[in-house]
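Reader: I have a model open and some questions ready. Shall we go through the fold together?

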Amino acid sequence: MNQLSIERLPELANGDAWLTHRGRFIDVSLMLEVGEEQYLIRIRDGGVESVERGPFVMPRWTFALRASSEDWKTFWSATPPPGYHDLIAMLKFKRLRLEGDPYPFMTHLRYFKDLLGRLREGGAP
Amino acid sequence: MSVPIRARVEPVVGRYLNLDLGGRPHRLYVEEAGEGIPLLCLHTAGSDSRQYRAVMNDAGITDKFRVIAFDMPWHGKSSPPAGWHTYEYTLTSQGYIDMILTVCDALSLDRPVVMGCSIGGRIVLNLALDYPERFRALIGLQSGAHAEPYYDLQWLHRPDVHGGEICAAMISGLIGPSAPQIDRWETQWHYAQGGPGVFRGDLYFYTVDGDVRDRLSAIDTRRCPLYLLTGEYDYSCTPDDTRAIAQSVEGARVTIMKGMGHFPMSEDPEAFLSYLRPVLSEID
């Protein structure tokens with residue numbers, strides 16, 4: 001995973017009709033923070049509409065997922081070790097922070113696990 | 001000429017057991033296969049006895065063991081008691097222990113082996129503490145003496161969130177990376193089928209009522225052997241949580257199962273059986 005992959009998220013996700021179908025009620029701006037780098041991911045009707053790379057002045061977002069670049073790198077590696085292999089595992093061990101409104105994330109948990117799993121080397125399980 | 005039908009009937013038989021639990025009539029679904037030493041299997045929170053499908057279908061095990069698994073009340077094909085619609089379900093330590101002892105008595109099981117996973121892996125510690133003479137051996141899968149909640153459990157039961165969707169998605173990462181796809185998704189389907197509030201009600205025992213950390217050192221494995229098998233990738237009950245039990249319980253035997261998660265018997269049945277067979281071979 002690198003910054004280019006995150007910016008490729010629309011093409012990695014939008015071709016999967018089952019993923020976008022499962023996300024068809026989602027209308028959010030997700031702030032993804034990889035260390036100091038910020039990415040504002042706009043999702044509408046289950047598709048990734050745009051990915052903007054920060055820095056931003058007064059960004060508006062629905063919820064944010066924040067972790068260090070090292071932890072994301074491990075999470076997105078082909079065979080992450082225990083505790084780095086899942087978003088909820090990352091939350092439990094306080095490597096990942098979920099901020100803002102958790103409602104769309106929790107109601108569409110599988111969607112967001114799958115979406116961010118697209119950035120994993122070799123794909124998500 | 002018609003194409004022959006390819007079909008296979010499993011040696012697993014299911015029946016319904018009517019009995020009183022906590023002074024109230026219940027109808028429980030009980031499956032079994034095999035003959036010999038009774039091996040009673042306890043499913044995880046929010047799931048059901050289908051998790052043990054591979055153990056029930058392993059001829060090497062069923063030649064020596066009568067493998068039995070029941071769906072707890074509210075789970076699988078067991079019904080909740082009358083009046084379920086008037087209160088919130090919660091599993092307590094005492095209710096869980098009474099349920100297991102009553103089922104053992106109702107089925108006339110003579111010193112069975114009990115194998116439980118997660119909440120079942122916790123309750124076998126209670127059985128080891130208080131009823132060692134009633135069991136031939138105890139096997140805890142994903143056993144920890146306590147678990148801190150790491151998310152707000154209310155998400156699992158609220159009318160504006162689909163319970164099946166969130167329960168399955170919440171546990172998906174507890175499945176280890178080596179799980180075959182078919183078993184990974186079978187395991188999640190069981191969670192997707194849980195009734196409203198049932199997973200959360202079980203977790204009351206797991207996270208609040210069932211803390212046995214202070215009592216562990218009283219377990220005497222000379223009275224009843226205790227085996228603990230835990231998957232490497234489980235972040236709900238971690239390998240360290242299981243090792244912590246063994247530090248307090250002399251004679252507890254720990255195996256860490258590589259690449260596996262929180263549902264070994266269901267998420268990766270073949271790999272799990274390779275760890276279980278050596279344990280069962282020690283029991284007679």
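Author: Start with a definition: two strands pair if DSSP finds at least two bridges between them. Keep in mind that this model is predicted.

Reader: In S6(B), which residue is the bridge partner of B:Cys117?
Author: Begin with the strands. Strand S5 (residues 113–117) of chain B pairs with strand S6 (residues 137–141) of chain B in the parallel sense, over five bridges. In S6(B), B:Cys117 has as its bridge partner B:Leu141.

Reader: In what order do the eight strands of the open sheet in chain B stand?
Author: The pairing in this sheet is mixed. At its edges stand S1 and strand S8 (253–257) of chain B, each with a single partner strand, so each has one side without a neighbour in the sheet. Neighbouring strands are turned by 20° against each other on average, direction ignored. The order in chain B is S1-S2-S4-S3-S5-S6-S7-S8.

Reader: What angle does the direction of helix H8 of chain B make with that of S7(B)?
Author: Look first at helix H3 (residues 93–106) of chain B, which packs on the sheet and touches S1, S2, strand S3 (37–42) and strand S4 (65–70) of chain B. The direction of H3 makes about 120° with that of S1(B). Helix H8 (residues 239–248) of chain B packs on the sheet too, touching strand S7 (226–231) and S8 of chain B. With the direction of S7(B), the direction of H8 makes about 165°.

Reader: Which residue in the turn between S1(B) and S2(B) has a positive phi?
Author: Strands S1 (residues 13–21) and S2 (residues 24–33) of chain B pair in the antiparallel sense over nine bridges. Together they form a hairpin with two residues between them. The turn residue with a positive phi, about 60°, is B:Gly22.

Reader: Is B:Ser108 buried or exposed?
Author: Most residues other than glycine have a negative phi. B:Ser108 is not a glycine, but has a positive phi of about 50°. Its place is the loop between H3 and S5 of chain B. The relative accessibility of B:Ser108 is 61%, and the cut-off is over 50%, so B:Ser108 counts as exposed.

Reader: And B:Gln142, is that buried or exposed?
Author: B:Gln142 also has a positive phi, about 55°, and is not a glycine. B:Gln142 lies in the loop between S6 and H5 of chain B. Its relative accessibility is 0%, and the cut-off is under 20%, so B:Gln142 counts as buried.

Reader: How far apart in space are B:Gln51 and B:Ile123?
Author: B:Gln51 sits in the loop between S3 and helix H1 (53–56) of chain B. At 0% relative accessibility it counts as buried. Among the residues it touches are B:His43, B:His190 and B:Phe263. B:Gln51 and B:Ile123 are 72 residues apart in sequence; in space, C-alpha to C-alpha, they are apart by 17 Å.

Reader: Now chain A. Why is it called as compact as a globular protein of that length?
Author: Chain A has seven helices and five strands. For 125 residues the globule rule gives a radius of gyration of 14 Å. Chain A comes close to that, so it is as compact as a globular protein of that length: its radius of gyration is 13 Å.

Reader: Which residue in S3(A) stands opposite A:Ile41?
Author: The five strands of chain A form an open sheet in the order S3-S2-S1-S4-S5, with mixed pairing. Its edge strands are S3 (47–53) and S5 (97–100) of chain A. Strand S2 (residues 37–44) of chain A pairs with S3(A) in the antiparallel sense over six bridges. Opposite A:Ile41 stands A:Val51.

Reader: What is omega for the cis peptide bond in chain A?
Author: Most peptide bonds are trans. A:Pro55 lies in the loop between S3 and strand S4 (63–67) of chain A. The cis bond joins A:Gly54 and A:Pro55, with omega at about 5°.

Reader: How far apart are the axes of helix H7 of chain A and helix H5 of chain B?
Author: H7(A) covers residues 109–117 and H5(B) residues 163–172. The contact is made by A:Leu109, A:Arg110 and A:Lys113 with B:Ala169, B:Met170 and B:Ser172. The helices pack at an angle of about 35°, and their axes are apart by 8 Å.

Conventions: Residues are numbered from 1 along each chain as its sequence is written. Chains are lettered from A and ligands numbered from 1 in the order in which they are written. This is a predicted model: local features need pLDDT of at least 70, side-chain atom pairs count only at pLDDT 80 or more; totals for chains, interfaces and linings use all residues. Side-chain values use heavy atoms; hydrogens and water are left out. Axes are lines fitted to C-alpha atoms, for helices over the stretch in contact, and angles run from 0 to 180 degrees between N-to-C directions. Helices (H or I, at least four residues) and strands (E, at least two) are DSSP runs, numbered from the N terminus. Contact means heavy atoms within 4.5 Å. The radius of gyration is taken over C-alpha atoms; the globule rule is 2.2 Å times the number of residues to the power 0.38. Buried means under 20% relative accessible area, exposed over 50%, partly exposed in between (1.4 Å probe, protein chains only). Lists of a residue's contacts leave out its neighbours within four places in sequence.
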